[in-house]
Amino acid sequence: MKILPDLALTYDDVLIVPQYSDVPSRRKLSTQTKLTQKIKLEAPIVSANMDTVTESDMAIAMAREGGIGIIHRFMSINEQVHQIARVKKAESFVVENPLTLTVLHTVGDVKKIVEETYTGGILILDGGQRLVGIVTTRDLLFENDDSKPLSEIMTKEVVTAPRDTTLEQAEKILHEHRVEKLPLVDKDGKLAGLITMKDIMKISEFPKATKDERGRLAVGAAVGVKPSELKRVERLLEAGADCIVVDIAHGDSKLEIDTIKQIRKAFASAQIIGGNVATAEGTQRLIEAGCDAVKVGVGPGSICITRVVAGAGVPQLTAVINCAAVARPQNIPVIADGGIRASGDVVKALAAGASTVMIGSLLAGTDESPGLLMTRKGHRYKVSRGMASLQANVARKVREGEGDITQEEIEEYVSEGVEAAVPYRGSAREMLSQLIGGLQSGMSYTNAHTVDELYEKAVFVRMTEVGLIESRPHDVDVM
Ligand code: XMP
């Protein structure tokens, strides 16, 4: 046995000392950072791979705001692939398989499709898949004869563009011709996709969005360490996952290191994130195994009971400082995972050397997390639960079609996470805006113009519990 000489600290043990600042406008400060060696983010926030936090809706919201979401792994491979595909389709400006009918269909057919899908315009093809017309809701306005063939009512002069039309070219054509829809056709006149004004406008609404090289929203996916997980990795990468998070509770382990090595060997260009670790030595081992980023945090999460059950862990600020000290000189970003309760914790995590923070429960309370919004005693809330909780593991079995958990399995299961109600917090966008606004304020107090400068310039001061009391609203009744 030995005892380390230094006291380990966490976010509430410290404050960042204010420094002379020449920042003119904190809201304009860049919060650009890196998730992995290759993936850049405008917002250093990652949504946790938890089944009460990140599925496709959350991942879409996160990427649109400049962060990224990691789809959890407590589902079948097919389902996880489907979740990735949904994110990848969300912001694509080309609809790959637009709704179509043929000239032989009738007014009745098109009315039914419009009603069912709320689509404003249906493309009409001939027998050889060539585009020959379009029927919009305007064409249907005074059309009472449902048996009339579409060839009699469709607009035949359709403005089209070639298959490889860029976003800028499409915008110009749509504007010039004052049309809402631009079908893409190949050289034989066959339909090859559709660009709509609505989709283009949606893209310009999110200028900070995290995108892949094909202009699609970026998203990550978590995998485990069983040998069969290599198949999962392959399918996820095929579906377009931008990074793979090899995520287990004790990442400084042979199982984790062997899995990372296997993935690196089989998929040389994949961006791999390994974790979780809490020591410099563990970080170094994951880097040597081939990681592009390291996830740090053993036990700091809001729903974790690892430290209670196993007695193991390292207070999070010290863990981040020690791991970043090893990773940063090797250009490997650190993700500070767990324990973020407010924007001040984000500032402290990045000042300690992390490049991003991963957030669970704060985001579990937003609209985009999976699960229902509930009301109890007049308060609205959602559920957050640890992935090592009994509840999450029962849900996983059912979801993967393995049937209900047996009484014996319940009795044997050693839970390292709890299930909890978290207050409803509005949209993920609002939450991110608060976190980023707070981060920018923290940067301005430190005279940091970039996230890297925050690390270089920050000076922490330790405080007593009395200091912590003084740091929060006190001696008042907060309304
Ligand atoms: P927050 O504090 O943001 O933390 O809710 C989210 C992180 O907690 C970790 N996590 C767990 N840790 N038992 C644990 O010890 C669990 O059951 C568990 N589930 C999630 C995980 O790192 C997550 O990102």
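Okay, let's start with a term: a polar contact here is a pair of N or O atoms within 3.5 Å. Keep that in mind for the ligand, and keep in mind too that what we're looking at is a predicted model.

So, the ligand. Which residues come closest to it? Those are Ser 302, Cys 304, Thr 306, Asp 337 and Glu 416, out of 21 residues that surround the ligand. If you sort that shell by class, you get eleven polar residues, eight nonpolar ones and two charged ones.

Now the contacts themselves. Thr 306 has a polar side-chain atom 2.5 Å from an oxygen atom of the ligand. With Asp 337, an N or O atom of the side chain sits 2.5 Å from a ligand oxygen. Gly 339 does things through its backbone: a polar atom there is 2.9 Å from an oxygen atom of the ligand. As for cover, the ligand on its own has 520 Å² of accessible area, and the protein covers 90% of that.

Hang on to Asp 337, please, as it takes us to the strands. Asp 337 belongs to β16, which runs over residues 334-337 and pairs with β17 in the parallel sense, over three bridges. Opposite Asp 337, in β17, stands Met 358. And Met 358 has Val 46 opposite it as well. That one comes from β4, residues 45-47, another parallel pairing with β17 over three bridges.

What about the side chains of β17 itself, residues 356-359: which way do they point? Thr 356 and Met 358 go one way, Val 357 and Ile 359 go the other, and all of them are buried. That's the usual pattern: in a regular strand, side chains alternate between the two faces of the sheet.

Next up, β10, residues 181-185. Four of its five residues are buried, so to speak a mostly covered strand. β10 has a parallel pairing with β9, residues 161-162, over two bridges, and there Pro 162 stands opposite Val 185. With β11, residues 191-196, the pairing of β10 is antiparallel, over five bridges. Leu 182 has Ile 195 in β11 as its bridge partner. β10 and β11 form a hairpin with five residues between the strands, and Gly 189 takes a positive phi near 85° in it.

On to a small sheet further along the chain. Three strands make it up, in the order β18-β19-β20, with antiparallel pairing, and the sheet is open. Why do β18 and β20 each have a side without a neighbour in the sheet? β18 (374-376) and β20 (419-423) are at the edges and each has a single partner strand, so one side is left free of a neighbour. From one strand to the next, the twist averages 50°. Looking at one pair in there, β18 and β19 (residues 379-385) are antiparallel over three bridges, and Thr 375 has Arg 380 in β19 as its bridge partner.

Last stop: Gly 467, in helix α19, residues 465-471. Buried or exposed? Gly 467 has a relative accessible area of 15%, and buried means under 20%, so Gly 467 is buried. Now compare sequence and space: Gly 467 and Asp 13 are 454 residues apart in sequence, yet 9.0 Å apart in space, C-alpha to C-alpha.

That's my tour, thanks.

Note on methods:
Residues are numbered from 1 along each chain as its sequence is written. This is a predicted model: local features need pLDDT of at least 70, side-chain atom pairs count only at pLDDT 80 or more; totals for chains, interfaces and linings use all residues. Side-chain values use heavy atoms; hydrogens and water are left out. Two strands pair if DSSP finds at least two bridges between them. Axes are lines fitted to C-alpha atoms, for helices over the stretch in contact, and angles run from 0 to 180 degrees between N-to-C directions. A residue is near a molecule or strand if one of its heavy atoms lies within 4 Å of it. A polar contact is a pair of N or O atoms within 3.5 Å; within protein, one must be able to donate a hydrogen and the other to accept it, and residues adjacent in sequence count only if both atoms are side-chain atoms. Accessible areas come from the Shrake-Rupley method with a 1.4 Å probe; for residues, only the protein chains shown count as cover. Ala, Val, Leu, Ile, Met, Phe, Trp, Tyr, Cys and Pro count as nonpolar, Asp, Glu, Lys and Arg as charged, and the others, Gly among them, as polar. Buried means under 20% relative accessible area, exposed over 50%, partly exposed in between (1.4 Å probe, protein chains only).
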